[in-house]
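Take a look at the sequence and the structure below. Then follow a short walk through them.

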Amino acid sequence: MNNREQWGSRLGFILAASGSAVGLGNIWKYPHMAGQNGGAAFTVVYLICILIVGLPILLGELAIGRNTQLSPVGAFNKLSGLSKWKWVGFLGVASAFVILSFYGVVGGWTLKYTILALSGGFDALSGQPDISGKVFSDFIGSSFQPVIWQLIFMSFCIGIIIKGVKSGIESGAKIMMPLILVILGLLVFKGLSLEGGKKGLEFLFKPKFSDLNPSSIVMALGHAFFTLSLGMGTMITYGSYLDKKQNLFSSAIWVILLDTFIAMLAGTAIFTIVFAMGADPSAGAGLIFVVLPTIFPQIGGGVIWGALFFFILFMAALTSAISILEVITAYFVDEKGWSRNKATLLFGGVISLVGVFCSLSLGDFNITNFMQVSFFDFLDELSSKYMLPIGGALTALFILKKWSIPVFLDELLIGVKERKYEKSFYQNVLKICLIISSLIVGLIIINEVFDLLFDQSLQKMAGF
Ligand code: PHE
């Protein structure tokens with residue numbers, strides 16, 4: 001294990017981990033979820049979920065990784081004395097396969113739209129959401145184009161992972177994360193300078209508690225997991241490349257702050273532009289690929305702004321996608337003794353192939369027809385509704401029942417110079433947070449299972 005790679009610097013690690021966290025979830029999902037579910041009211045609930053459920057599990061994953069210096073399967077195996085807990089690690093590896101298969105498809109779309117914007121292709125869509133919607137659905141439903149873009153996206157991903165932790169993941173994050181921040185900052189500036197843009201701020205940030213319902217709370221919680229890349233061992237894997245000098249607590253806070261800040265910047269950029277141009281803010285998931293292309297041509301320098309927007313979406317997706325592939329590569333390197341090249345090429349290839357079916361399922365070729373959802377939606381729901389929350393809850397239970405809170409705290413305190421309170425105080429806080437998070441997540445999973453089996457979720461039954 002001596003030749004195991006490590007991060008080159010603390011900043012490099014924070015950028016890589018926040019690169020994993022910042023992804024399609026921040027720029028694509030968060031803005032429309034917040035906009036439709038009560039604006040700031042949703043954001044407040046989301047922040048509470050991040051702090052109570054997200055932070056303890058993020059700390060837990062990082063500590064498990066750093067303590068064992070192993071990726072998830074080996075880590076659970078080592079800490080639990082080769083018991084059944086290793087299956088939590090396998091669940092993580094399986095989730096990585098599932099998520100990357102469809103994530104790579106959307107990654108391909110972001111590339112295609114960057115090029116489309118740059119070549120002036122949005123001009124023909126100006127002010128015409130119907131045409132834009134048709135262009136988008138024709139594109140994602142066709143058999144050839146999206147597959148090619150998905151394969152190009154996956155090649156970038158494989159190329160970075162092959163280069164390793166320091167020269168691949170860390171170097172990539174050091175270039176892409178600052179670029180994302182700067183370009184988003186410019187877009188926010190542009191949006192705010194447009195006449196009427198400030199109304200977008202109100203839409204996103206003014207609390208509308210009447211729009212907040214139990215299902216938005218469930219949504220905020222699920223999103224807290226997805227956006228922090230929790231529940232599948234990504235943060236265990238990234239934590240395993242950390243040395244013992246670092247303060248895990250402050251690193252985790254940095255990751256959360258950057259993730260949240262970028263989500264809010266993205267929301268601000270999008271809604272100021274949408275409102276200034278009088279477009280429909282409630283377009284939901286289609287907001288980005290359908291509505292934005294119709295309004296970029298109407299603002300000055302729209303070709304560049306449009307291309308920059310889709311380019312940051314591409315970089316955000318890429319820094320997340322590499323963290324997903326790294327979970328799989330690290331498993332085969334750590335546990336099976338494979339070379340990094342072999343593991344990455346083989347499994348990057350397999351995932352690309354599954355992704356091809358995922359993409360094709362949005363057109364005429366759907367292998368999951370019998371379930372009434374496309375293969376693409378099936379993988380998306382399977383991972384974000386079930387696999388990640390189950391993985392997260394099991395990680396919390398593992399720490400509570402097997403690893404033990406005092407050992408967890410000792411790992412967290414390495415690298416912490418001064419402590420304000422007694423150890424027992426921190427132990428109690430950690431314990432309470434982990435119990436709360438496993439309970440809440442457990443409830444949500446039961447809710448989803450009810451909904452799936454009986455088309456009756458608990459909140460529907462309670463009459464909401
Ligand atoms: N956090 C990423 C996003 O917000 C998605 C992701 C989930 C990445 C799980 C890695 C692991 O888009």
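Which helices each supply at least two residues of the shell around the ligand? They are α1 (10-21), α2 (24-36), α10 (214-227) and α14 (302-336). Keep in mind that this is a predicted model.

Start with the ligand itself. It is surrounded by 15 residues. Ala-21, Gly-25, Tyr-103, Phe-226 and Ser-229 are the closest. By type, the shell holds 9 polar and 6 nonpolar residues. Charged residues are absent from this shell.

Now turn to the polar contacts. Tyr-103 places a polar side-chain atom 2.7 Å from an oxygen atom of the ligand. Phe-226 takes part through its backbone: a polar atom there is 2.8 Å from a nitrogen atom of the ligand. Thr-227 also uses a backbone N or O atom, which lies 3.2 Å from a nitrogen atom of the ligand. How much of the ligand's accessible area does the protein cover? On its own the ligand has 330 Å² of accessible area, and the protein covers 100% of it. The space that the ligand takes is the largest cavity.

Next come the charged pairs. Side chains of opposite charge can pair when their charged atoms come close. The structure has 8 salt bridges. One of them joins the side chains of Arg-4 and Asp-334, with 2.7 Å from N to O. This pair links distant parts of the chain. Arg-4 belongs to the segment before α1, while Asp-334 sits in helix α14. The two are 330 residues apart. Helix α14 (302-336) also appeared earlier, among the helices that supply the ligand shell.

Note on methods. Residues are numbered from 1 along each chain as its sequence is written. This is a predicted model: local features need pLDDT of at least 70, side-chain atom pairs count only at pLDDT 80 or more; totals for chains, interfaces and linings use all residues. Side-chain values use heavy atoms; hydrogens and water are left out. A residue is near a molecule or strand if one of its heavy atoms lies within 4 Å of it. A polar contact is a pair of N or O atoms within 3.5 Å; within protein, one must be able to donate a hydrogen and the other to accept it, and residues adjacent in sequence count only if both atoms are side-chain atoms. Accessible areas come from the Shrake-Rupley method with a 1.4 Å probe; for residues, only the protein chains shown count as cover. On a 1 Å grid over the protein atoms alone, a cavity is a set of points where a 1.4 Å probe fits but cannot get out, and a pocket is an open set with protein on both sides within 12 Å along at least five of seven lines; lining residues have an atom within 4 Å of a point. A molecule sits in a cavity or pocket if more than half of its atoms lie within 2 Å of its grid points. Helices (H or I, at least four residues) and strands (E, at least two) are DSSP runs, numbered from the N terminus. Ala, Val, Leu, Ile, Met, Phe, Trp, Tyr, Cys and Pro count as nonpolar, Asp, Glu, Lys and Arg as charged, and the others, Gly among them, as polar. A salt bridge is a side-chain nitrogen of Lys or Arg within 4 Å of a carboxyl oxygen of Asp or Glu.
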